[in-house]
Protein chains: 2
Amino acid sequence: MSEDQAHMVNGHKTGEEVLPFEEDDYGGVIVEMKTPMDPKCFIATLRYSFTQWRLQGKKGVWLNLPLTHVNLVEPAVKEGFRYHHAEPTYLMLVYWIPTAESTIPLNASHRVRVGAVVLNPNQEILVVQEKHGTLRGSGVWKIPTGVVDEGEEIFTAAIREVKEETGIDTEFLEILAFCQYHESFFAKSDLFFICLLRPTSFDIQKQDLEIEAAQWMRFEDSASQHITQENELFKEIHRICSMKMEKSYTGFYTKPITTFFDDKLGYLYWNKQEMSNHIS
Amino acid sequence: MSEDQAHMVNGHKTGEEVLPFEEDDYGGVIVEMKTPMDPKCFIATLRYSFTQWRLQGKKGVWLNLPLTHVNLVEPAVKEGFRYHHAEPTYLMLVYWIPTAESTIPLNASHRVRVGAVVLNPNQEILVVQEKHGTLRGSGVWKIPTGVVDEGEEIFTAAIREVKEETGIDTEFLEILAFCQYHESFFAKSDLFFICLLRPTSFDIQKQDLEIEAAQWMRFEDSASQHITQENELFKEIHRICSMKMEKSYTGFYTKPITTFFDDKLGYLYWNKQEMSNHIS
């Protein structure tokens with residue numbers, strides 16, 4: 001990026017103001033474009049900003065362009081910015097100033113999904129038939145599943161999906177197992193957490209948009225479905241459930257924890273029951 | 001998107017060809033722009049394509065614009081596309097045709113990180129001091145950590161990070177616990193997997209770029225560091241390690257599994273050792 005160009009655009013003298021920015025904790029700056037800007041004015045102001053940031057020894061420059069500022073995407077890329085990530089309403093670009101290797105963090109790589117195992121005291125499992133997706137019209141009964149929303153806890157997502165799809169209220173007990181697989185959509189990967197939940201209500205009220213049918217099914221009937229024998233993941237879920245029903249399996253329970261150094265609240269998932277709840 | 005406009009651009013009659021596309025499994029189409037295109041020509045061809053896709057009852061339209069096609073981002077957004085995700089070299093946009101609610105999958109929401117607990121037969125733990133980051137210059141010894149690459153297995157990432165940072169070869173034993181926390185960078189979340197590894201070599205050769213120092217440290221000395229008492233995550237890692245050293249803890253082991261319905265190979269993480277390796 002060259003270090004000159006103060007000129008007149010739209011009657012404003014540009015190139016003597018730095019774009020509004022915040023500093024991050026890693027020697028970088030974050031520019032969030034909020035007011036509309038003419039591309040020529042943007043380029044001039046950006047170039048002047050870079051002269052200042054270089055002098056200040058800044059490293060990464062983050063540029064957040066809301067969808068309304070799509071006219072600045074091409075100029076930014078031509079000035080050397082690269083895409084970092086995007087959400088429906090904005091595109092984040094990044095520029096690494098130093099000659100040393102970039103320490104820009106990688107983009108998010110995984111989508112997180114949950115499957116909810118809900119067993120009632122009659123040895124029945126809560127299952128649904130879906131209106132869409134691969135199993136549509138197949139007659140297969142499966143556990144409720146769904147995607148963890150951005151910022152949502154895994155255990156919260158499992159409780160939410162069960163409530164949404166079947167109307168059943170539940171408490172989280174533990175994560176029985178999880179599964180990682182790749183190229184789930186485009187180059188992104190999936191982590192699929194199998195959660196064990198205890199029902200606190202029992203009357204099913206199925207959701208109509210996505211769910212064809214929902215029921216409490218005898219666990220043996222679910223386990224003996226053709227698909228449970230054919231599909232390795234279905235089989236593993238039922239095998240682990242069987243062990244759990246015989247109290248010969250423990251998964252990971254959750255506890256709140258502050259993580260690292262910014263007092264951020266997170267959740268630790270670990271084998272709490274190991275010492276107390278094991279079959280002897 | 002309107003359904004007209006066949007006109008002359010650059011001497012070519014446009015608007016009578018459909019953009020090259022592939023079909024996906026969900027009634028959608030994927031357009032990957034490979035050859036350069038003039039924006040006017042692109043808009044005309046895109047509009048004609050939409051008339052065809054609508055007639056065919058298509059749902060989602062994915063538009064992959066490589067960085068070299070940045071000139072088409074603004075036209076695409078003005079035609080109604082929204083950002084879906086981005087990587088350094090491309091931007092993926094999406095358009096949902098039906099009036100019914102969109103079933104476009106959510107973008108990846110999590111970055112996945114690993115921390116590697118490597119214990120040798122002398123009750124020593126492999127620890128490093130980092131050159132960058134929050135702990136730089138603090139004198140704190142910590143376990144090797146790192147980010148799981150796109151498409152990489154969690155256990156492979158743990159083995160790789162230990163090798164890169166310390167030169168030590170290891171085998172994966174199990175996942176001791178994991179942690180989820182949010183807003184790790186911008187709106188994205190982190191999943192942090194604490195992996196137990198068995199060393200198969202013992203001579204440390206530290207990497208110079210990121211690592212200030214590396215050593216085998218007596219486990220009690222690591223546990224009694226000031227930070228281990230102060231930081232909840234450090235404390236939990238040492239507490240779980242202690243239980244593990246007393247053989248009174250089991251984590252999740254891994255097994256290969258084909259997932260869902262496309263014979264995709266994944267890995268299941270589950271409590272394999274429950275039945276066999278428990279202290280009695």
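Which residue of β5(B) stands opposite B:I30? In the predicted model examined here, that residue is B:W62. The pairing belongs to an open sheet of 5 strands in chain B, in which the order is β3-β4-β5-β7-β6 and the pairing is mixed. The edges of this sheet are formed by β3 (22-23) and β6 (82-87) of chain B, each of which pairs on one side only.

Within the sheet, strand β4 of chain B (residues 29-32) runs parallel to strand β5 of chain B (residues 60-66), and 4 bridges join the two. One residue of β4(B), B:I30, stands opposite B:W62, while B:V31 has B:L63 as its bridge partner in β5(B). Towards β3(B) the arrangement is antiparallel, with 2 bridges joining β3(B) to β4(B). On that side, B:I30 is the bridge partner of B:E22. B:I30 is thus named in a pairing with β3(B) and in one with β5(B). The hairpin of β3(B) and β4(B) has 5 residues between the strands, and B:G27 in this hairpin adopts a positive phi near 80 degrees. The two faces of β4(B) are distinguished by their coverage: B:V29 and B:V31 form the covered face, whereas B:I30 and B:E32 form the uncovered one.

Helix α6 of chain B was examined next. This helix comprises 14 residues (residues 232-245), for which a span of 20 Å is expected at 1.5 Å a residue; the end C-alpha atoms are 20 Å apart, in agreement with that expectation. At the start of α6(B), a side-chain oxygen of B:N231 comes within 3.0 Å of the backbone nitrogen of B:L233. B:L233 is itself listed among the buried residues of the helix, together with B:F234, B:E236, B:I237, B:H238, B:I240, B:C241, B:M243 and B:K244. The buried set therefore includes the charged-type names B:E236 and B:K244 alongside B:L233 and B:F234. Just after α6(B), B:K247 takes a positive phi of about 55 degrees. Most residues other than glycine have a negative phi. B:K247 lies in the loop between α6 and β14 (253-259) of chain B, and with a relative accessible area of 57% this residue is exposed, since the value is over 50%.

A positive phi also occurs in chain A, at A:E183, where the angle is near 50 degrees and the residue is other than glycine. A:E183 is placed in strand β11 (residues 170-185) of chain A and counts as exposed at 56% relative accessibility. A:E183 is among the residues in contact with A:S189, which is located in strand β12 (residues 188-199) of chain A. In contrast to A:E183, A:S189 is buried, its relative accessible area being 0%. The side chain of A:S189 makes a polar contact of 2.8 Å with that of A:H182. Beyond neighbours within four places in sequence, the contacts of A:S189 comprise A:S109, A:H110, A:R111, A:Y181, A:H182, A:E183, A:S184 and, from the other chain, B:G151.

Contacts between the chains are also made by B:K264, which is placed in strand β15 (residues 264-270) of chain B. With residues up to four places away in sequence left out, B:K264 touches A:Y181, A:H182, A:E183 and A:S184 in chain A, and B:I257, B:T258 and B:T259 in chain B. B:K264 and B:F219 are separated by 45 residues in sequence, and their C-alpha atoms lie 40 Å apart.

The two chains are related by a turn of 180 degrees with a shift of 0.0 Å along the axis, which lays chain B on chain A with an RMSD of 0.0 Å. This is the relation of a two-fold axis. The same surface serves both copies, as 100% of the contact residues of chain B recur in chain A.

A UniProt annotation from an unreviewed entry, "domain: Nudix hydrolase", covers residues 109-239 of chain A. Over this range the chain is 24% helix and 42% strand, and the end C-alpha atoms are 30 Å apart.

In chain B, B:Q129 is placed in strand β9 (residues 124-130). B:Q129 has a relative accessible area of 16% and is buried, because that value is under 20%. Residues up to four places away in sequence aside, B:Q129 touches B:G139, B:V140 and B:W141, as well as B:E210, B:I211, B:E212 and B:A213.

Technical notes
Residues numbered from 1 in each chain as written. Chains lettered and ligands numbered in written order. Predicted model: local features only at pLDDT ≥ 70, side-chain atom pairs only at ≥ 80, totals over all residues. Heavy atoms only, no water. UniProt positions renumbered as here; feature names shortened; annotations may be inferred. Expected span 1.5 Å × (residues − 1). Buried < 20%, exposed > 50% of the residue type's maximum accessible area, 1.4 Å probe, protein only. Polar contact = N/O pair within 3.5 Å; in protein donor to acceptor, adjacent residues only side chain to side chain. Least-squares fit on C-alpha atoms with pLDDT ≥ 70 in both. Contact = heavy atoms within 4.5 Å. Pairing = 2+ DSSP bridges.
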